[in-house]
Amino acid sequence: MVSLLEQMPLLENFSGHSLSEFKISWSMWQDRCKQVLETTHFVMDESSDILEIMCGKLECFVKHKDLCQTWYHLLTSHLLYTNPTVSVMSLHHAATEMVPVYRDHMTPLDEILLSAMEFDAHQVLTLCISQFQNSWW
């Protein structure tokens, strides 16, 4: 499993290559992870969890959400193993999967961040005014 993790493609190692080449390499690596997960019997639960994280299984990330302090920490961790080249336009969609996990711990700043990910400038300003009670802008 360590060698599989060491083989994980990193975008920084693909300088001079196209994004498509990275995505193909990423897809092949992800397929290898899934194959190992399906064909290996694990003695320790921790090994299985690590491989499930490498496969990007949302259930495993949610199971270990206590290791992440915020929904955007969990989002970043999940995207690293599912879609490391996520576009800015897709961030809000990805965030909507993580927000329910932390719904009870959402702060006004989280709402501002979500609105920013939606590119809803009006809502961002409205929330900032109500949260910070300072309308200097």
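Lys65 lies over the face of Tyr102, at 5.9 Å from the ring centre, in a model that is predicted. Tyr102 is also one of the residues in contact with Leu74, once the neighbours of Leu74 within four places in sequence are left aside. Leu74 in turn is among the residues with the most contacts inside the largest nonpolar core, which has 27 residues. The points below take up this core, the aromatic pairs, the salt bridges, and the surroundings of Val124 and Ser115.

**The nonpolar core**

- Besides Leu74, the residues with the most contacts inside the largest nonpolar core are Trp29, Cys33, Met54, Trp71 and Leu75.
- Two or more residues of this core come from each of helix H2 (19–39), H3, helix H5 (71–82), helix H6 (91–98) and helix H7 (108–117).
- Leaving aside its neighbours within four places in sequence, Leu74 is in contact with Phe61, Cys68, Met98 and Val101, in addition to Tyr102.

**Aromatic pairs**

- A search of the whole structure finds 3 aromatic pairs, and one of them joins Trp26 and Trp29 in a tilted arrangement, with 5.0 Å centre to centre and 45° between the planes.
- Because a pair of aromatic rings is described by the distance of the centres and the angle of the planes, both values are given.
- Trp26 and Trp29 both lie in helix H2, where they are 3 residues apart, about one turn of the helix, and both of these residues are buried.
- Phe22 belongs with Trp26 and Trp29 to a cluster that is linked by ring pairs.

**Salt bridges**

- The whole structure, when searched, yields 2 salt bridges.
- In one salt bridge the side chains of Asp49 and Lys63 meet at 3.2 Å, N to O, and this pair links distant parts of the chain, with Asp49 in helix H3 (residues 45–54) and Lys63 in helix H4 (residues 58–63), 14 residues apart.
- Asp49 counts as buried because its relative accessible area is 10%, under the 20% limit, whereas Lys63 counts as partly exposed because its relative accessibility of 48% falls between 20% and 50%.
- A salt bridge also brings together the side chains of Arg103 and Glu111, at 3.5 Å, N to O.
- Arg103 is partly exposed, with a relative accessible area of 46%, and Glu111 likewise counts as partly exposed, at 29% relative accessibility.

**Val124 and Ser115**

- Val124 has its place in helix H8 (residues 121–132), while Ser115 is found in helix H7.
- With a relative accessible area of 18%, Val124 is under the 20% limit and is therefore buried; Ser115 also counts as buried, at 6% relative accessibility.
- When its neighbours within four places in sequence are left aside, Val124 is in contact with Ile112, Ser115 and Ala116.
- Seen from Ser115, and with its own neighbours within four places in sequence again left aside, the contacts are with Asp120, Gln123, Val124 and Leu127.
- Val124 and Leu114 are 10 residues apart in sequence, and their C-alpha atoms are 8.7 Å apart in space.

How values were computed:
Residues numbered from 1 in each chain as written. Predicted model: local features only at pLDDT ≥ 70, side-chain atom pairs only at ≥ 80, totals over all residues. Heavy atoms only, no water. Helix = DSSP H or I, 4+ residues; strand = E, 2+ residues; numbered from the N terminus. Buried < 20%, exposed > 50% of the residue type's maximum accessible area, 1.4 Å probe, protein only. Contact = heavy atoms within 4.5 Å. Salt bridge = Lys/Arg side-chain N within 4 Å of Asp/Glu carboxyl O. Core = buried A, V, L, I, M, F, W, Y, C linked by side-chain atoms within 4.5 Å. Phe/Tyr/Trp six-rings, centres within 6.5 Å; stacked < 30°, edge-to-face > 60°. Lys NZ or Arg CZ within 6 Å of the ring centre and 35° of its normal.
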